[in-house]
Amino acid sequence: MAPIYDIAVVGYGPTGLTAASLLGRLGHRVVVCERWPGLYGLPRLTHIDDEAARTVQAAADVDEALRDSSTCHYLWVNGKGDTLVNIPANPDGLMGYPDHLSMYQPDVESAIDKRLRGYGTVDVRQGWAVTGIEQDDEGVALRLRGWNAEATTADGPHDEVRARYVIAADGSRSGVRELLGVERQDLGFNERWVNVDTEWLRPQPPEFAYGTQYCDPARGHMTINIGHTRQRFEFALLPGETSQDMTTPEAAWRLLRQYHDLGPDDLRITRQLVYAFEARIASRWRTGRVFLAGDAAHTMPPYLGQGACSGLRDAANLAWKLHAVLGGQAPDTLLDTYESERRPHVTALTHAAIALGKVANTHDVEAAAARDAAFFAGKVPPPPPFPPLDNGVLRAGTSAPVGTLTPQGRIRLADGRTGRLDDLTGFGFVLVAAEDPTAALGPERLALLQRLGCAVIALDTVEDLDGRHSAYLRELGAAAYLARPDFVLFGTAADSTDLGALVDDLASALTAGVEAAA
């Protein structure tokens, strides 16, 4: 009989790594099935936001993960170099990190891998491909076969693992999604760009220490720093240019010289390939006990920098809900809120990314001139703010901004421990109150919060070193707020008499499932 795990995670990119680490941190037995024998070791993503950085903080030593990162702002310019959009970076975002970070993906993946291997509850099986799936009322059996990396085929020995639930985070070409027969909706964006990743052989020039999108109808192109020592360049493929033509070193040096006056004395090329930028969303994200996450569930063009961030949101959302279900604190129906919460959010971001992609991929000269004139005249509205969650595990019947994100600052506890909020409270629910809520809640509700793994922070007994949490309570006009493990505001308490009802509403939302929470 195959060993039974709580969760099997298929795929060991950022989404799978994060999900496995968060679930391992929560004490669950996790098996990871990844066909490639090691971590990828090269950057695919280059940008995360402060919410994603906070998720990395929950999954790894964040200072190690982001050791070669830098605040990144973005310029969008036309073919003449005139600025269309200037997107500055806030060095101190809501979550305690810059709201735009350029980072080196291998550092992040190595840090998460290191953390999760230390839990003792996560088995990482690299070099194994999933070739079959069978489900029943108790769990899922995954048939495995050894992966031949040289031949890129599964022709090795057979094996099987069994888990109560499966997270398929195996990329845009997800084999699990194919085995489940899940189709994807094509949102109609398809562009090919060649990616050239490089390392500087000299100090990074200041004009490359940020991201620039060149919206040139002759050939769209872009560059972004990867931390302080690496640089990514991307160039749109023109009609008649093939992937084979554009992945030769000669093509890369020709483009780098033509557009940036850079050559082999300036840079070393570390990776070069053609990407198909697409927008696809799976028709369903749950099939029985199997959940699609990250690129397996949704892909978007890179122009908003939210592809990987969306996958990390998936991982955090699924992790705490699986923990509640596996721990007997919520029914299986709670897991239906994963898709109902995440799909509208990621769909809105995908459409925003498509809109930006159309700006970057305007190939007609006259259309580009009209686009530029609209920008210069101030007739182009700014991108809409990120949407909140508008349904799911949220307190109903309130004017509070439920579904939005809650802040993270630094605090000092009564015992002298000092650090970021999450480092001192853990990955779980957090109740932050202006005053000690013990008397208002009473022993039964406090015991409930303890069972849910909810940390209680009373700002009259700790030092709010940045003043961030106190300011947030004043902004809310509330006596307390309750944040979900994925940093989403569940609800607020107007005063001490409302605290008990807030906790009761959380218990109802979890135990009654999606209908009570909606």
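## Close-up views of a predicted model

**View A. F487 sits in the loop between β25 (480–483) and β26 (489–493).** Helices (H or I, at least four residues) and strands (E, at least two) are DSSP runs, numbered from the N terminus. This is a predicted model, in which local features need pLDDT of at least 70, side-chain atom pairs count only at pLDDT 80 or more, and totals for chains, interfaces and linings use all residues. Residues are numbered from 1 along each chain as its sequence is written, and side-chain values use heavy atoms, with hydrogens and water left out. F487 is not a glycine, yet has a positive phi of about 75°. Most residues other than glycine have a negative phi. With a relative accessible area of 5%, F487 is buried (buried means under 20% relative accessible area, exposed over 50%, partly exposed in between; 1.4 Å probe, protein chains only).

**View B. T152 lies in the loop between β10 and β11.** T152 has a positive phi of about 50° although it is not a glycine. T152 is partly exposed, at a relative accessible area of 48%. The flanking strands form a hairpin with four residues between them.

**View C. Strands β9, β10 and β11 pair through two hairpins.** Two strands pair if DSSP finds at least two bridges between them. β9 (residues 128–135) and β10 (residues 140–148) run antiparallel, joined by seven bridges. V130 stands opposite L144 in β10. Four residues link β9 to β10 in a hairpin. β10 also runs antiparallel to β11 (residues 153–168), with eight bridges between them. Here V140 has A163 in β11 as its bridge partner.

**View D. Strand β14 (residues 221–226) is largely enclosed by the rest of the structure, because six of its six residues are buried.** Side chains in a regular strand alternate between the two faces of the sheet. Both faces of β14 are covered. H221, T223 and N225 are buried on one side, and M222, I224 and I226 on the other. β14 pairs with β13 (residues 211–215) in the antiparallel sense over three bridges. These two strands form a hairpin with five residues between them. β14 also pairs with β15 (residues 230–236), again antiparallel, over six bridges. That hairpin has three residues between its strands, and G227 in the turn has a positive phi of about 65°. H221 faces a partner in each neighbour: Y214 stands opposite H221, and H221 stands opposite F235 in β15.

**View E. Helix α9 (residues 336–360) has the span expected of its 25 residues.** The expected span of a helix is 1.5 Å times one less than its number of residues. For α9 this gives 36 Å, and the end C-alpha atoms are 36 Å apart, which agrees. A kink of about 25° lies at R342, shortly before the proline P344. The bend at a residue is the angle between axes fitted to the seven residues ending there and the seven starting there.

**View F. The second largest pocket is lined by 14 residues.** On a 1 Å grid over the protein atoms alone, a pocket is an open set of points where a 1.4 Å probe fits, with protein on both sides within 12 Å along at least five of seven lines; lining residues have an atom within 4 Å of a point. About 260 Å³ of space lies in this pocket, the volume being the space filled by probe spheres set on the points, which are joined across faces, edges and corners. L356, V380, P381, P382 and P383 lie nearest the centre. α9 supplies the largest share of the lining, four residues. The lining divides into 12 nonpolar residues, one polar and one charged (Ala, Val, Leu, Ile, Met, Phe, Trp, Tyr, Cys and Pro count as nonpolar, Asp, Glu, Lys and Arg as charged, and the others, Gly among them, as polar).

**View G. Helix α12 (residues 438–451) bends by about 75° at E444.** α12 has 14 residues, but its end C-alpha atoms are only 16 Å apart. A straight helix would reach 20 Å. L441, G442, L448 and L449 are the buried residues of α12. R451 also belongs to α12. R451 counts as exposed, at 53% relative accessibility.
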